[in-house]
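I set out to look up how a few helices pack against one another and what space is left inside the fold. My entries follow in the order in which I looked.

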Amino acid sequence: MPAPRMALQLYSVRHLLETAQERTLAQVRALGLHTVEVYDFVGRSDALSAALRGAGLTARTGHAGFLSPDTSSASARAARLEETFQAARALGLESVFDPFVAPDRWVDEKDVAATAGLLNQAAEAAAAHGLTVGYHNHSQEFVHAIKGISAFEFFAGLLDPRVKLEIDLYWAAVGGNDPVSLLERLGDRVEALHIKDGAVIDDPFFSGAPFDPADTGQVAPGQGQIPLDAALSTARHARWAVIEFDHYDGDVLDGIAAGVRYLHAKGIGR
């Protein structure tokens, strides 16, 4: 299988983008990156597309929340999906991942099955736009077990084969997994990896305490406790290796540059 391609989740530089978008995107490109993963793009896809083009960047994957069950009607959910997928097409995306489903929806079998059903419905709608959809994990999906396996793996077993997974290796480890074994079990469902490193902390999402990204202790790839080398070797079907920091104690562009060097050393590039 060919090596995955490198990308950067733009959430990593969200604070810089707020004050200096053009300069920040140019700095990202200067680090040797050609592709980014976008976030919060619905409603600003045209402006974001123009900004990426101006910096010489492209986006092929993106994060958008579309699995919330609180929309009042099926027609309203369909309209939200249509808006999301039209924005994705305007940006040239191939895959859209929902990045977060709340912890309380990963406790009960019925709620997990309902989330899987929503994602399967989204896959059908996405296919009409030439897109795929998937889910990006944190740690809360692994805390509870359903029928002898984690809620996340139970969820994965209910998904339409067209649905893809984006495994955040750091958060999977925080959820109590050996990320390498997890990838082996998930196999070719894994479309993308979030390349993220740091200390393996306790799951923060069920603690009841406010979550502060600074508490994650994230470091440049290859400098923490996450078995990134083995994960990259195992996830042979993954198409994307996406560098991301929820928080970085220092200049995040330095951390990203270290991530680029790390992936280049593994034979992963544009």
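**Helix packing and enclosed space**

I began with H4 and H5, whose crossing is right-handed. I worked throughout from a predicted model, and I kept that in mind for each entry below.

For this pair I looked up the geometry: the axes of H4 and helix H5, the latter covering residues 109–127, come within 10 Å and cross at roughly 55°. An angle between 35 and 65 degrees falls outside the parallel and perpendicular ranges, so H4 is oblique to H5. I then listed the contact, in which Arg77, Leu81 and Phe85 of H4 meet Leu118, Ala122, Ala125 and Ala126 of H5. Sorted by class, the residues of this contact are 6 nonpolar, no polar and 1 charged, and the charged one is Arg77.

Next I went back along the chain to H3 and H4. I found helix H4 at residues 74–91, packing with H3 at an angle of about 20°, with the two axes 9 Å apart. Because angles under 35 degrees count as roughly parallel, H3 is roughly parallel to H4. The crossing, in which H3 passes H4, is right-handed. On the H3 side I noted Ser45, Asp46, Leu48, Ser49 and Leu52, which meet Ala87, Ala90 and Leu91 in H4. I recorded the classes of this contact as 5 nonpolar, 2 polar and 1 charged.

I then turned to H2 and H3, that is, residues 21–30 and residues 45–55, which pack at an angle of about 50° with their axes 9 Å apart. H2 and H3 are therefore oblique to each other, and I noted that H2 passes H3 in a right-handed crossing. The contact draws on Gln21, Leu25, Ala26 and Arg29 from H2, and on Ala51, Leu52 and Ala55 from H3. By class I entered 5 nonpolar, 1 polar and 1 charged residues for the contact of H2 with H3. I marked Leu52 in my notes, since this H3 residue is listed in the contact with H2 and also in the contact with H4.

After the helices I asked myself which residues lie nearest the centre of the largest pocket. The answer was Tyr11, His63, Pro99, His138 and Glu244, out of 20 lining residues. I put the space in this pocket at about 310 Å³, and I found its lining to have 9 nonpolar, 5 polar and 6 charged residues.

Last, I checked for enclosed space and asked how many cavities of 30 Å³ or more the model holds. The count came to 1 cavity, and about 40 Å³ of space lies in the largest cavity. I listed its lining as Met6, Gly32, Leu33, His34, Thr35, His264, Gly269 and Arg270. These lining residues divide into 2 nonpolar, 5 polar and 1 charged, with Met6 and Leu33 as the nonpolar ones and Arg270 as the charged one.

How values were computed
Residues numbered from 1 in each chain as written. Predicted model: local features only at pLDDT ≥ 70, side-chain atom pairs only at ≥ 80, totals over all residues. Heavy atoms only, no water. 1 Å grid on protein atoms, 1.4 Å probe; cavity = no way out; pocket = protein on both sides within 12 Å on 5 of 7 lines; lining within 4 Å. Points joined across faces, edges and corners; volume = space filled by probe spheres on them. Axes fitted to C-alpha atoms, helices over the stretch in contact; angles between N-to-C directions. Helix = DSSP H or I, 4+ residues; strand = E, 2+ residues; numbered from the N terminus. Parallel < 35°, antiparallel > 145°, perpendicular 65-115°, else oblique. Left-handed = near helix turned anticlockwise from the far one by under 90°. Contact = heavy atoms within 4.5 Å.
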